[in-house]
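Visitor: Could you walk me through the pockets of this protein? I would like to follow the reasoning as we go.

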Amino acid sequence: MIELKQLTKIYGSKKKMTTALSGLNLKVNKGEIFGVIGHSGAGKSTLIRCINLLERPSQGEVWVGGTDLTKLGKRELQQHRRKIGMIFQHFNLLSSATVYDNVAFPLTLTGTPKAQIQAKVNELLALVGLEEHRGKYPAQLSGGQKQRVGIARALASDPDVLLCDEATSALDPQTTDSILKLLLDINRKFNLTILLITHEMHVIQSICDRVAVIHEGGIVEEGPVTEVFLKP
Ligand code: ADP
Ligand code: ADP
């Protein structure tokens, strides 16, 4: 579902260059929950941002669902991006919009008919358990509730892939577990491919099928979670 080939990202110019990713290869299968773990500065957020081309790779290929996104023009890329949902550490909600409107936002952008938007948003709010909070603003919600809005919004355009950028790092342990459980439910229910990055071992161990360890811009170890982390 996702395949990164020889992915390289170099920030800066001649004077000060930082190689964030160097020739990284990674393959994530359809329907799996794949975790990338590594220390701060290892290249995790660059990696995840390169997958939807929020960050332009310096070199290499980014295949999502059979298309190399690095080869697309602007319009085609926009269309493919709709099939890639993303959630963030700090939720990135629109603070002046209600829960309902935050979730509806990706659909309003693409001119979806109103009745269709309503049906979809209602379904998603039920899925994440926020039906009673639809009229509230982000400031009136707990962290866990905000992330539920983020998840519902990410699912609005029926993505093939969900990217999670340190999605539970701003949450307390109990809330983290409830969000991880929700992600697992969504993965099972829709066979949705999930790629997450984290610096927390607990996140990897509780929901990931496979894991890769990233260090200085490359994958240094990879495999089923039970094999990578339960070695003698
Ligand atoms: P992680 O998410 O694992 O902490 P990052 O992908 O944020 O790692 O960073 C990888 C490396 O790239 C670090 O050395 C970081 O300083 C550098 N880096 C990240 N973003 C930028 C940027 N916009 N400009 C310059 N250097 C950057
Ligand atoms: P407008 O056409 O004026 O933009 P909307 O239908 O988008 O009106 O909605 C106006 C407000 O009502 C929105 O801010 C939204 O929060 C709320 N709203 C719209 N549809 C629903 C719905 N099905 N359930 C709950 N709230 C809704």
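Visitor: What volume does the largest pocket have, and which residues are the closest to its centre?
Guide: Happy to help, and please keep in mind that this is a predicted model. The largest pocket has a volume of about 650 Å³. Its lining counts 19 residues, and the closest to the centre are Arg 81, Arg 82, Ile 84, Pro 106 and Leu 109.

Visitor: Which element gives the most to the lining of the largest pocket?
Guide: Good one! The candidates giving two or more residues are α2 (74-81), β6 (84-88), α3 (99-109) and α5 (143-155). By class, the lining holds 10 nonpolar, 6 polar and 3 charged residues. The top contributor, with 4 residues, is β6.

Visitor: Which elements do the buried residues of α3 pack against?
Guide: Let's begin with the residues themselves: Val 99, Tyr 100, Asn 102, Val 103, Ala 104, Pro 106 and Leu 107 are the buried ones in α3. After this helix comes Gly 111, with a positive phi near 70°. As for the packing partners of those buried residues, they are α4 and α5.

Visitor: Which helix gives the most to the lining of the second largest pocket?
Guide: That pocket has a volume of about 170 Å³. Its lining includes Lys 120, Glu 123, Leu 124 and Leu 127, and by class it divides into 6 nonpolar, 1 polar and 5 charged residues. With 4 residues, the helix that gives the most is α4 (residues 114-128).

Methods. Residues numbered from 1 in each chain as written. Chains lettered and ligands numbered in written order. Predicted model: local features only at pLDDT ≥ 70, side-chain atom pairs only at ≥ 80, totals over all residues. Heavy atoms only, no water. 1 Å grid on protein atoms, 1.4 Å probe; cavity = no way out; pocket = protein on both sides within 12 Å on 5 of 7 lines; lining within 4 Å. Points joined across faces, edges and corners; volume = space filled by probe spheres on them. Nonpolar A, V, L, I, M, F, W, Y, C, P; charged D, E, K, R; others polar. Buried < 20%, exposed > 50% of the residue type's maximum accessible area, 1.4 Å probe, protein only. Contact = heavy atoms within 4.5 Å.
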